[in-house]
Amino acid sequence: MRVNWLLLIMRMVVVSSLLLISTEAVWAEGKKDNVVIAAVIYGKHNVTTLDGFKEGMKEKGYIEGKNTIYLFHGTFQNLENLDADIAKVVSENPDLIFASTTPVALAVKKATSNHKIPVVFGPVNDPMSAGVVAEQRHPGDNITGVMLTDSIAKQLEWAIRIAPRIKKILLPYNPNDKSSVISVEKAREAAELFKLTLDARQVSNHKEIDILLAEFPDDVGAIFLPRDGMVMSRVEDFAKVANQKKIILSGTRLEMAERGALFGFGFNGFMVGKQMARMADQILRGRKPGDLPVETAEDYLSINLKTANTLGITISEHILRQAHTIIRAE
């Protein structure tokens, strides 16, 4: 019995060594000292996705500063110069591009159409409707990644379960962001289902968000932040107004609750990044991006009890037991 255990341990060591050798072979085959990965991100809140990606890559043997270089020049906060900035990234000829959110994925796909640099995107709301990929099972071209579930209706359902008296919801969105427009369309359908009034307000830039916050309507019972990079980057400002007005603020991801929203229902950026890393590893080992099916991110419920206390809202134990993350008051 003891000998069998020793043999098992020896086999595990051999397999682990072969995995490391296999990873190193990627760089040897390309006759490169390092794998170069460019990260293009829209919205400062999406940096957590890159953090998860780096962690996932590290687990696969891609060590930053040793055999992997990340080209990251900061997040984009507007879309005006996106094409020109991405052209600069492409000119650096990285081995792979990490593209975060829908506007970036679309721009990177366009910029790499002739270069065929592999692209892994995430999170993207609906890559098929947005035109990022042709289909989920076989995305084609040089791009694949992680998409989000159609969970807008569930998010609104959680809002009325937590605060049943809600009748009207404010939804600020950027009409120039395809992901945001898709979110609004789905929110309208869900609002009709739940007999809610949806007040969708267009905000094309940060100045228009400032105006909306300064002239905030008095007849809404909740604010819903859609899958919109620019709008979500202002979550703290919306949380401040929500607390002042004693109305709930909800968003589509864990980080929204961490930054002051009453709750978030949707993806976890860090976990999406790790999911993207698994796909990137397959591509760097020789798989064609277009042959890798687009994967779907998991959804989680996150509740901020500190915000609940500020609003004077009591959340039932039944709801709290269903939350994946609870941010408790200090």
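# Sheets, cores and salt bridges

Me: Which is Val124, buried or exposed?

Reply: Val124 counts as buried, because its relative accessibility is 0%. Buried means under 20% relative accessible area, exposed over 50%, and partly exposed in between, with a 1.4 Å probe and protein chains only.

Me: What should I know about the model itself?

Reply: This is a predicted model, in which local features need pLDDT of at least 70 and side-chain atom pairs count only at pLDDT 80 or more, while totals for chains, interfaces and linings use all residues. Residues are numbered from 1 along each chain as its sequence is written, and side-chain values use heavy atoms, with hydrogens and water left out.

Me: Back to Val124: where is its place, and which residues does it touch?

Reply: Val124 belongs to strand 4 (residues 119-124). Strands (E, at least two residues) and helices (H or I, at least four) are DSSP runs, numbered from the N terminus. Leaving aside residues up to four places away in sequence, Val124 touches Thr101, Thr102, Ala105, Val132, Val146, Met147 and Leu148; contact means heavy atoms within 4.5 Å. Val146 is 22 residues from Val124 in sequence, with a C-alpha to C-alpha distance of 6.6 Å.

Me: And the sheet with strand 4, what is its order?

Reply: It is an open sheet of six strands in the order 2-1-3-4-5-11, with parallel pairing. Strand 2 (68-71) and strand 11 (295-296) are the edge strands, each pairing on one side only. Two strands pair if DSSP finds at least two bridges between them. Strand 1 (residues 35-41) and strand 3 (residues 96-100) have five bridges in the parallel sense, and Ile41 stands opposite Ser100.

Me: How many strands does the sheet with mixed pairing have?

Reply: Seven strands form that open sheet, in the order 7-6-8-9-10-12-13. Strand 7 (197-202) and strand 13 (325-327) each have a single partner strand, so one side of each is left without a neighbour in the sheet. Neighbouring strands are turned by 20° against each other on average, direction ignored.

Me: What packs on it?

Reply: Helix 7 (residues 178-193) does, touching strand 6 and strand 7, and its direction makes about 165° with that of strand 7. Axes are lines fitted to C-alpha atoms, for helices over the stretch in contact, and angles run from 0 to 180 degrees between N-to-C directions.

Me: New topic: how many residues has the largest nonpolar core?

Reply: It has 48 residues, and those with the most contacts inside it include Phe121, Ile223 and Leu249. Helix 10 (residues 235-245) supplies the largest share, five residues. Another core lies apart from it, with 32 residues, among them Leu171 and Ala308. A nonpolar core is a set of buried Ala, Val, Leu, Ile, Met, Phe, Trp, Tyr and Cys residues joined through side-chain atoms within 4.5 Å.

Me: How many salt bridges are there?

Reply: The count is 14, where a salt bridge is a side-chain nitrogen of Lys or Arg within 4 Å of a carboxyl oxygen of Asp or Glu. In one of them, Lys186 meets Asp150 at 3.6 Å, N to O. This pair links distant parts of the chain, 36 residues apart: Lys186 is in helix 7, and Asp150 is in the loop between strand 5 (143-147) and helix 6 (152-162).

Me: What about exposure for those two?

Reply: Lys186 is partly exposed because its relative accessible area is 23%, whereas Asp150, at 58%, counts as exposed.
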